[in-house]
Amino acid sequence: MSGINKVILVGHLGKDPEVRHLDGNVTVASFPLATSETFNKDGKRVEQTEWHNIVMWRGLADVASKYLQKGKLVYIEGKLRTRSFEDKEGNKKYTTEVVAENFTMLGRKSDFEGPQNGNNGDKLATPASTSNEDLSLDPLDDDLPF
């Protein structure tokens with residue numbers, strides 16, 4: 001039986017996605033994502049924040065670069081990958097990243113659109129999502145009749 005490598009995160013972007021274009025017109029986007037949890041310790045409420053390095057490839061990276069910004073709330077599914085590299089002094093370093101397979105933008109509709117007449121920003125938006133399977137779709141503009 002094979003193993004399972006599945007990560008599900010809901011958090012806020014720590015900065016705008018950093019987008020690079022590699023050989024062969026391959027796009028990669030990366031950004032830090034903060035997840036927070038609260039718990040009681042000695043009768044006091046404590047918040048603990050974890051930072052995750054997120055990497056998106058190809059079409060998913062293109063969509064992320066277009067719609068995601070620092071502070072936005074996002075749901076991400078992916079898998080953990082650990083890779084090694086050499087620093088400037090030649091020392092071998094390791095880093096663990098979440099390679100995203102799909103994401104859904106969460107929050108208010110006003111978080112993803114400019115101000116419009118009659119939009120008070122109090123209604124929740126239908127989450128826009130994208131994955132490697134539906135990269136040809138614009139996550140905020142589909143032509144589905146329902």
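**Close-up views of a predicted model**

**View 1. A hairpin built from strands β3 and β4.** Strands β3 and β4 make a hairpin, with two residues between them. One to look for in the turn is D42, which has a positive phi of about 55 degrees. Keep in mind that everything shown here comes from a predicted model. On either side of the turn, β3 covers residues 26-41 and β4 covers residues 44-57. The two strands pair in the antiparallel sense, over 14 bridges. To follow one of these pairings by eye, start at A29: its bridge partner in β4 is M56.

**View 2. Strand β4 and its link to strand β6.** In which sense do β4 and β6 run, and how many bridges join them? Here the strands run parallel, and two bridges join them. Strand β6 is made of residues 92-105. A handy place to begin is I54, which stands opposite V98 in β6. As you trace a strand, it helps to remember that in a regular strand the side chains alternate between the two faces of the sheet.

**View 3. The whole chain, for orientation.** The chain contains one helix and seven strands. Read from the N terminus on, its elements follow the order β-β-β-β-α-β-β-β. There are 146 residues in the chain, and 32% of them count as buried. Consider next the contacts in the chain with a separation of 6 or more: 54% of these are accounted for by residues 24 or more positions apart.

**View 4. The second largest pocket.** About 290 Å³ of space lies in this pocket. Its lining consists of 16 residues, and those nearest the centre are S30, N53, V55, R83 and E97. Which strand gives the most to the lining? That is β4, with four residues. Strands β2 (18-22), β3, β4, β5 (73-86) and β6 each supply at least two residues. In character, the lining of the second largest pocket is a mixture: six residues are nonpolar, four are polar and six are charged.

**View 5. H52 and its surroundings.** You can find H52 in strand β4. Its side chain and that of T35 are joined by a polar contact of 2.8 Å. Setting aside neighbours within four places in sequence, H52 is in contact with L9, F31, P32, L33 and T35.

**View 6. G11, a buried residue in strand β1.** G11 sits in strand β1, which spans residues 7-13. Why does G11 count as buried? Its relative accessible area is 2%, and buried means under 20%, so G11 qualifies. Not counting residues up to four places away in sequence, G11 touches L33, A34, T35, K72, L73 and V74. Look also for S36, which lies 25 residues from G11 along the chain, while the C-alpha atoms of the two are separated by 7.4 Å.

**View 7. E77 in strand β5.** Our last stop is E77, found in strand β5. Is E77 buried or exposed? With a relative accessible area of 17%, E77 is buried, because the cut-off for buried is under 20%. The side chain of E77 makes a polar contact of 3.0 Å with the side chain of K6. Leaving out neighbours within four places in sequence, the residues in contact with E77 are K6, V7, I8, A100, E101 and N102.

Technical notes: Residues are numbered from 1 along each chain as its sequence is written. This is a predicted model: local features need pLDDT of at least 70, side-chain atom pairs count only at pLDDT 80 or more; totals for chains, interfaces and linings use all residues. Side-chain values use heavy atoms; hydrogens and water are left out. Two strands pair if DSSP finds at least two bridges between them. On a 1 Å grid over the protein atoms alone, a cavity is a set of points where a 1.4 Å probe fits but cannot get out, and a pocket is an open set with protein on both sides within 12 Å along at least five of seven lines; lining residues have an atom within 4 Å of a point. Grid points are joined across faces, edges and corners, and a volume is the space filled by probe spheres set on the points. Ala, Val, Leu, Ile, Met, Phe, Trp, Tyr, Cys and Pro count as nonpolar, Asp, Glu, Lys and Arg as charged, and the others, Gly among them, as polar. A polar contact is a pair of N or O atoms within 3.5 Å; within protein, one must be able to donate a hydrogen and the other to accept it, and residues adjacent in sequence count only if both atoms are side-chain atoms. Contact means heavy atoms within 4.5 Å. Buried means under 20% relative accessible area, exposed over 50%, partly exposed in between (1.4 Å probe, protein chains only).
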